[in-house]
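Biologist: I would like a close look at one part of this model, and after that an account of how the rest of the chain is arranged. Please go step by step, and keep to what the coordinates support.

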Amino acid sequence: MSLKSERRGIHVDQSELLCKKGCGYYGNPGWQGFCSKCWREEYQKARQKQIQEDWELAERLQREEEEAYASTQHPQGAQSAQSLTFSKFEEKKTNEKSRKVTTVKKFFGASSRAGSKKEVQEAKAASPISRQVSIETDRVSKDFCEFLKTYHKPGQEIYKQCKLFLEAMHHKRDLSIEEQSEYTQDFYQNVADKLHARWKVSPEKVEMAMDQIEKYIMTRLYKYVFCPETTEDEKKDLAVQKRIRALHWVTSQMLCVPVDEEIPEVSDVVVKAITDIIEMDSKRVPRDKLACITSCSKHIFTAIRTTKNEPASADDFLPTLIYIVLKGNPPRLQSNIQYITRFCNPSRLMTGEDGYYFTNLCCAVAFIEKLDAQSLNLSEEDFDRYMSGQASPKKQEPENWSADMCVGVRQMYRNLDLLSQLNERQERIVSEAKKLERDLIDWTDGVAKEVQEIVEKYPLEIKPPNPALAAIDSENVENDKLPPPLQPQVYAG
C-alpha cells in the first residue's frame, strides 16, 4: 500500500515507516529504524551484553596472567605462598584488583572482535561519554526522557541535539576548558532560540526545558569538566582553604556581623547555612550547586531578621556571608565557582535570586583573599600576630597574670574557663529539659481531667438487646401472639 504526497509528488511505502521490531509504532531513521521505546531497549541490551563480554574476557586474561606468573616461579614458591600472612594476602588481592580494572578499562575503549563490532559502534554513537554509567546517570537519563515526552516533537529534536552535543564534547576533551565552556554556552543559546522561534514554546516551558537539559548533559560531563587537570583550579582551592584556615581568629564583631549566636534559634540557622554551603561540593549539576548557595543565603537572612527583629538589608548580608564562609571553609570553593561560571545556564546567572546570591559569594571569596588589617580595623602589628598565631583576639591574656607564669598554667586556666562555659550551657540545657518535662506532665494531666469530666457528664448507658422477632412462618405460635389460622368451612349447597 502506498501513500502519495500531493505537495511533494513522492511515493512512500507505509511499511518502511514502521518500527523494525514490529511493535506497531513508527520508527525514526536516526535510530536505525526503531521507535524511541524499542531503541532504548535494544541499546540497553547491547550495552549490557558488551559489558558482560568485556568483563569475561578481562577475567580470562587475568587468569592467564596469574598462571603464567606462577609457572615462572621456583617450585618452592607454592610452598612458601601458603605461609603468607594476612596482610600480604590483602596486598596481593589489591594489586590484582587494580590490574583487573586497568585491563577492563582498555576493553571499554574499543573492541577488536569482529562479531560485536557493529554493536560496539552503535553503543559508542549513542553514549560516547561512558559506557559504564552510574546509577545516578541512569536515573537522570530516564527522568530526562520522561520529561521530553511532554514536549512531543520538540522533545525528540531536543534529545537528538543533546546526543550530538555529548558526542561533540567527547571529541573536544583535548581543547581548553574555556573553549569547552564557550561551546556549551553556545549550545544552551541555540536550543533556547529554537524553542522560542521554531517551536513557539512558552518562556516558562523553555526555562524548564533548559534546566532539564543542563541536568542531563552536565551529569554526564561532570567528571571531565569539573576541576580539570589542565587548569589551576585545584591550586586555587588549596590557596583559599589555607587562607581561610589562617583567618580562623576572625570574629563576627570584627566583620560587623549583625548575628547573635547566643540565641538558640539563630545558632541553629547559622549551622544550617554552613551545612548548605558545604553541601554545594557534593552536587553535580550547576543548578543544584546554585540551589545550595540560595538556601544558605536565605538562612543568613533568617538569622539576621531573628537577631534584629527587622528585615535584613544587603549591607548586613554580605558581611554575614563572609563570616559563614570563614566558619564553614567549604571544600573546593574556587572549583565550584568556576564550574558554575563555565557551565551553568546563563539565564540563571544573569537574572533572578540565584544569580544575585552567586555574585555575593564571588564577592565574599574575593574579600577573603584580599582581607588585611585595614579591612578589620586592626593595626598591622596585631594583624600579623593574629595571622602568625602568636596571639588570638578570642583569648585575651588576663591582667593579673604575671609575665613569668608557666605556659602550662595559662593553658590550664583557659581550659577551666572553657569548662565553666560548657557547664553553664549544660545547666541551661538541663533546666530547659526539666521545664519541658513539667509541661508534658501538666498537659497529660489536663487531657486526662478533661476526658474524665466528659465521661461523668455524658455517662455511657448500655441497653439490653431487643428480643428477636419470631418469623411469621414459625410453628412457635405461643409467643408470637398471632391469631389462629383460618380453618376452611364447608357449606351445603
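Is Cys145 buried or exposed, and what is its relative accessible area?

Modeller: Cys145 is buried, at a relative accessible area of 13%, which places it below the cut-off of 20% used for that word. The model is a predicted one, and every value that follows has been computed from it.

The surroundings of Cys145 are best described through the two helices that meet there. Helix H6, which covers residues 135–148, packs against helix H7, residues 153–171, at an angle of about 145°, and their axes are 9 Å apart. From H6 the contact draws on Phe144, Cys145 and Leu148, while H7 contributes Gly155, Ile158, Tyr159 and Cys162. Sorted by class, this contact comprises 6 nonpolar residues and 1 polar residue, with no charged residues.

With a cysteine from each helix in this contact, a disulfide is a natural thing to check for. Such a link is a covalent bond between the sulfur atoms of two cysteines. Cys145 takes part in no disulfide, and the nearest cysteine sulfur, which belongs to Cys162, is 10.0 Å away. Seen from the other side, the closest cysteine sulfur to that of Cys162 is the one in Cys145, and because the separation is 10.0 Å, it is too far for a bond; the criterion asks for sulfur atoms within 2.5 Å. Cys162 also counts as buried, at 1% relative accessibility. Searching the whole structure gives 0 disulfides.

Two other cysteines deserve a remark for their backbone rather than their sulfur atoms. Most residues other than glycine have a negative phi. Cys227, in the loop between helix H9 (203–225) and H10, instead has a positive phi near 50°. Cys256, which sits in the loop between H10 and H11, likewise has a positive phi, of about 55°, although it is not a glycine. Cys256 is exposed, its relative accessible area being 59%.

Helix H9 also holds Asp211, which counts as buried because its relative accessibility is 8%. If residues up to four places away in sequence are set aside, Asp211 touches Arg287, Asn345 and Arg348. Its C-alpha is also 9.7 Å from that of Pro286, a residue 75 positions away in sequence.

Moving further along the chain, helix H13 runs over residues 314–328 and contains Thr320. The 15 residues of H13 reach 21 Å from the first C-alpha to the last, close to the 21 Å expected at 1.5 Å a residue. H13 is mostly covered, with 11 of its 15 residues buried; among them are Asp316, Phe317, Thr320, Tyr323 and Gly328. What covers these buried residues includes helices H10 (233–246), H11 (264–279), H12 (286–308), H14 (333–343) and H16 (352–369). Just after H13, Asn329 takes a positive phi of about 45°.

Within H13, Thr320 is buried, and its relative accessible area is 2%. A polar atom of the Thr320 side chain lies 2.7 Å from the backbone oxygen of Asp316. An α-helix has 3.6 residues a turn, so residues three or four places apart point the same way. Leaving out residues up to four places away in sequence, Thr320 touches Val257, Pro258, Val259, Ile300 and Ile304.

One more pairing across the sequence involves Tyr386, in helix H17, residues 380–388. Tyr386 counts as buried, given its relative accessibility of 8%, and its C-alpha is 8.9 Å from that of Val250, although 136 residues separate them in sequence.

For the chain as a whole, the secondary structure comes to 18 helices and 2 strands. Of its 493 residues, 32% are buried. Among the contacts with a separation of 6 or more, 68% are between residues 24 or more positions apart.

Definitions and conventions:
Residues numbered from 1 in each chain as written. Predicted model: local features only at pLDDT ≥ 70, side-chain atom pairs only at ≥ 80, totals over all residues. Heavy atoms only, no water. Axes fitted to C-alpha atoms, helices over the stretch in contact; angles between N-to-C directions. Helix = DSSP H or I, 4+ residues; strand = E, 2+ residues; numbered from the N terminus. Contact = heavy atoms within 4.5 Å. Nonpolar A, V, L, I, M, F, W, Y, C, P; charged D, E, K, R; others polar. Buried < 20%, exposed > 50% of the residue type's maximum accessible area, 1.4 Å probe, protein only. Polar contact = N/O pair within 3.5 Å; in protein donor to acceptor, adjacent residues only side chain to side chain. Expected span 1.5 Å × (residues − 1).
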